[in-house]
Amino acid sequence: MKKRELEYELMKEIEERYSTMQFGEGEVLEEDLRAMLLAATQAPSAYNEQPWRFYVAKTQQDKEMLMEYMLPGEKEWMVKAPVWILLAGDVGDTHNGLFNYWTSFDAGCAWGFLALEAQRRGYVTHCIGSFDRVDIRNEFQKNDNIEIYGIVAVGRPASEEATAREKVPPRKSVNAVQLRRK
Ligand SMILES: Cc1cc2nc3c(=O)[nH]c(=O)nc-3n(C[C@H](O)[C@H](O)[C@H](O)COP(=O)(O)O)c2cc1C
């Protein structure tokens, strides 16, 4: 398993997670999939609205439906992942009936929880955002309120040989991402 070289020791799952384009043999166990989604639902959210929504695509038919909206380059490696989880958010389902400004923020946190639980259970993930995010909404109920943020490929890790050429993208330093006052 690749590991980020970091200044401080972090959770193993954070150190080891990266967006792979290689997936190994082996299915995603139903119990593990449910646990990943459960982890996602444990994320905090503004007013506890829990605006994240998921659609799990495991069948060829469901994947083909999503592929209609994806770029050709992504499909090539995504098909190797047994499960795809579409991550969405409901921007209108709120206690006060107003637009939920924090939906994408909260859904992003849910995706982070999902990815780390997947990693902990011995899976790898890769989220993509390159699809037609307007038209894809037409596949789902309440599409006026639904924003689709990503499609996450989930599968077992590929062999070290298969991933040997994959690089873990570097990060900006903590100093570099400090917001500075005017
Ligand atoms: C919302 C979102 C959209 C992304 N879209 C794509 C994508 O369309 N294609 C792709 O190959 N990777 C995509 N990625 C993966 C990022 O490129 C990747 O997370 C980033 O380069 C950092 O690398 P790491 O995840 O390996 O640490 C996306 C990630 C996120 C969170």
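This passage walks through a predicted model of a protein chain with a ligand, from the overall fold to single residues.

The overall fold is a good place to start. The secondary structure of the protein chain comes to six helices and four strands. Along the sequence these elements follow the order α-α-β-α-α-β-α-β-β-α. The radius of gyration is 17 Å, close to the 16 Å given by the globule rule for 182 residues, so the protein chain is as compact as a globular protein of that length. The C-alpha trace spans about 50 × 50 × 30 Å along its principal axes. Of the 182 residues, 26% count as buried. Contacts often reach across the sequence: among those between residues at least 6 apart, 78% join residues at least 24 apart.

Inside the fold, the largest nonpolar core holds 31 residues. The members that touch the most other members are Trp-84, Leu-87, Trp-111, Val-152 and Val-154. Two or more residues of this core come from each of α2 (30-41), β2 (83-90), α5 (103-120) and β4 (146-155). Leu-87 shows how such a residue is surrounded. Setting aside residues up to four places away in sequence, Leu-87 touches Trp-52, Phe-54, Ala-107, Trp-111, Tyr-149, Gly-150 and Val-152.

Helix α5, one of the contributors to the core, deserves a closer look. At 1.5 Å a residue, its 18 residues should span 26 Å, and its end C-alpha atoms are 26 Å apart, which agrees. The buried residues of α5 are Thr-103, Asp-106, Ala-107, Ala-110, Trp-111, Leu-114, Ala-115, Leu-116, Glu-117, Ala-118 and Gln-119. An α-helix has 3.6 residues a turn, so residues three or four places apart point the same way. The buried residues of α5 pack against two helices and four strands, namely α1 (12-16), α2, β1 (52-57), β2, β3 (124-128) and β4. Just after the helix, Gly-122 takes a positive phi of about 90 degrees.

Strand β4 offers a buried counterpart in Ala-153. With 24 C-beta neighbours inside 10 Å, Ala-153 counts as buried, because the cut-off is 20 or more. Leaving aside neighbours within four places in sequence, Ala-153 is in contact with Met-78, Ala-81, Trp-84, Thr-125 and His-126. Of these, Trp-84 was listed above among the core residues that touch the most other members. Ala-153 also illustrates how the fold brings distant parts of the sequence together: Ala-153 and Pro-82 are 71 residues apart in sequence, yet 7.6 Å apart in space, C-alpha to C-alpha.

Attention now turns to the ligand. The residues around the ligand are Tyr-18, Ser-19, Glu-74, Cys-127, Ile-128, Gly-129, Ser-130, Gly-150, Val-168 and Pro-169. This shell divides into five nonpolar, four polar and one charged. Gly-150, one of the shell residues, is also among the contacts of Leu-87.

The loops complete the picture. The loop between α2 and β1 holds both Asn-48 and Gln-50. Each is a residue other than glycine with a positive phi, near 55 degrees for Asn-48 and near 50 degrees for Gln-50. Their surroundings can be told apart by counting neighbours. Asn-48 has 9 other C-beta atoms within 10 Å and is therefore exposed, the limit being 12 or fewer. Gln-50, with 19 C-beta neighbours inside 10 Å, counts as partly exposed.

Gly-92 lies in the loop between β2 and α5. This glycine is partly exposed, with 16 other C-beta atoms within 10 Å. Not counting residues up to four places away in sequence, Gly-92 touches Phe-99, Asn-100 and Asn-145. Gly-92 and Gln-119 are 27 residues apart in sequence and 31 Å apart in space, C-alpha to C-alpha.

In the loop between β3 and β4 sits Glu-139. With 16 other C-beta atoms within 10 Å, Glu-139 is partly exposed. Along the chain, Glu-139 and Asp-62 are 77 residues apart, and their C-alpha atoms are separated by 11 Å.

Note on methods
Residues are numbered from 1 along each chain as its sequence is written. This is a predicted model: local features need pLDDT of at least 70, side-chain atom pairs count only at pLDDT 80 or more; totals for chains, interfaces and linings use all residues. A nonpolar core is a set of buried Ala, Val, Leu, Ile, Met, Phe, Trp, Tyr and Cys residues joined through C-beta atoms within 7 Å. Two residues are in contact if their C-beta atoms, placed from the backbone, lie within 7 Å. A residue is near a molecule or strand if its C-beta atom, placed from the backbone, lies within 6 Å of it. Ala, Val, Leu, Ile, Met, Phe, Trp, Tyr, Cys and Pro count as nonpolar, Asp, Glu, Lys and Arg as charged, and the others, Gly among them, as polar. The expected span of a helix is 1.5 Å times one less than its number of residues. The radius of gyration is taken over C-alpha atoms; the globule rule is 2.2 Å times the number of residues to the power 0.38.
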